[in-house]
Amino acid sequence: MTQPDDKELLLQFHEPATKERAYTRIIKKYQEKLYWHIRRMVVEHEDANDVLQNMFIKVWNGLENFREDAQLYTWLYRIATNESLTFLEQRKKRTAVSMDQVEAGLSNTIKADKHFDANRLEWKLQLAIQQLPEKQRAVFNLRYYDEMPYEEMSRVLETSEGALKASYHHAVKKIEDFILNR
């Protein structure tokens with residue numbers, strides 16, 4: 001069975017008889033991509049699940065008013081990104097530590113994984129990504145992992161394409177430096 005397109009799902013969502021089924025189909029269609037987007041930002045599985053749950057609650061509450069001036073996919077990624085950044089900011093406030101300490105904690109979480117091998121490039125990449133500032137990390141993840149075009153990213157992050165390109169460029173340079181010099 002093929003997935004209905006987003007316009008069809010939104011039409012179904014606006015009909016009381018098919019609203020819940022359409023919402024479930026939207027979740028099924030985007031859940032995995034959004035989970036991995038969030039997971040790359042917050043690192044831990046449990047935290048990613050919590051953020052994803054909060055994100056889908058916001059989607060349920062806001063979908064009725066979705067104006068469709070952006071693609072559904074873009075709107076969902078914007079909510080997921082904002083929820084991830086909010087989660088990281090709240091964690092920082094809750095623990096009353098600096099963002100450097102939070103990022104060090106995320107790095108330690110990666111290192112604690114039973115499959116961690118510091119000599120393997122993918123682990124070094126993950127550690128390098130965790131050293132990036134939150135917004136740069138979001139830009140890098142959207143571009144590198146999700147292969148999102150800058151135009152689309154601009155709508156998700158509500159930033160100019162030029163700023164995103166510069167941010168991605170700086171992120172790549174920092175990651176390169178981390179991998180080559182550590």
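A residue counts as buried when its relative accessible area is under 20%.

**View 1. The whole chain is a predicted model built from helices.** Let's start with the overall picture. The protein chain has nine helices and zero strands, so its pattern along the sequence is written simply as α-α-α-α-α-α-α-α-α. Of the 182 residues in the chain, 45% are buried. The accessible surface comes to about 10400 Å², and carbon and sulfur atoms account for 49% of that surface. If you look at contacts between residues at least 6 apart in sequence, 60% of them join residues at least 24 apart.

**View 2. Confidence varies along the chain, from helix α5 to helix α3.** The average pLDDT of the protein chain is 85, and 84% of the residues score at least 70. Helix α5, residues 99-112, has the lowest confidence, with a mean of 56. Helix α3 has the highest, at 95. Keep this in mind as you explore: where pLDDT is low, the predicted coordinates should not be read in detail.

**View 3. Helix α3 has a buried side.** This helix runs over residues 45-62, and a quick check of its length is a nice exercise. At 1.5 Å a residue, its 18 residues should span 26 Å, and the C-alpha atoms at its ends are 25 Å apart, which agrees. Which residues of α3 are buried? They are D47, A48, V51, L52, M55, F56, V59 and G62. These residues cover an arc of only 165° around the axis, so they sit on the same side of α3. On the face turned away from that buried side you will find the exposed residues Q53 and N61. Here is a handy rule for helices: with 3.6 residues a turn, residues three or four places apart point the same way.

**View 4. D47 is a buried residue of helix α3.** Its relative accessible area is 13%, which is under the 20% cut-off, and therefore D47 counts as buried. Which residues does D47 touch, leaving out those up to four places away in sequence? The partners are V42, F87 and R91.

**View 5. R40 and D146 form a salt bridge between distant parts of the chain.** Side chains of opposite charge can pair when their charged atoms come close. In this pair, the closest N and O atoms are 2.9 Å apart. R40 belongs to helix α2 (residues 19-42), whereas D146 lies in the loop between α7 (134-144) and α8 (150-157). The two residues are 106 residues apart, and both are buried. In total, the model has 11 salt bridges.

**View 6. Helix α8 holds a salt bridge between E151 and R155.** Here the closest N and O atoms are 3.4 Å apart. The two residues are four residues apart, about one turn of the helix. Are they buried or partly exposed? E151 is partly exposed at 46% relative accessibility, and R155 is partly exposed too, at 28%. E152 joins in as well: E151, E152 and R155 are linked in a network of salt bridges.

**View 7. E176 and K173 pair up in helix α9.** The closest N and O atoms of this salt bridge are 3.9 Å apart. Because E176 and K173 are three residues apart in α9 (residues 161-181), about one helical turn separates them. Both partners are partly exposed, E176 at 39% relative accessibility and K173 at 43%.

Terms used
Residues numbered from 1 in each chain as written. Predicted model: local features only at pLDDT ≥ 70, side-chain atom pairs only at ≥ 80, totals over all residues. Heavy atoms only, no water. Expected span 1.5 Å × (residues − 1). Buried < 20%, exposed > 50% of the residue type's maximum accessible area, 1.4 Å probe, protein only. Arc of directions from axis to C-beta. Contact = heavy atoms within 4.5 Å. Areas by Shrake-Rupley, 256 points an atom, 1.4 Å probe, with all protein chains shown as cover. pLDDT = per-residue confidence, 0-100. Salt bridge = Lys/Arg side-chain N within 4 Å of Asp/Glu carboxyl O.
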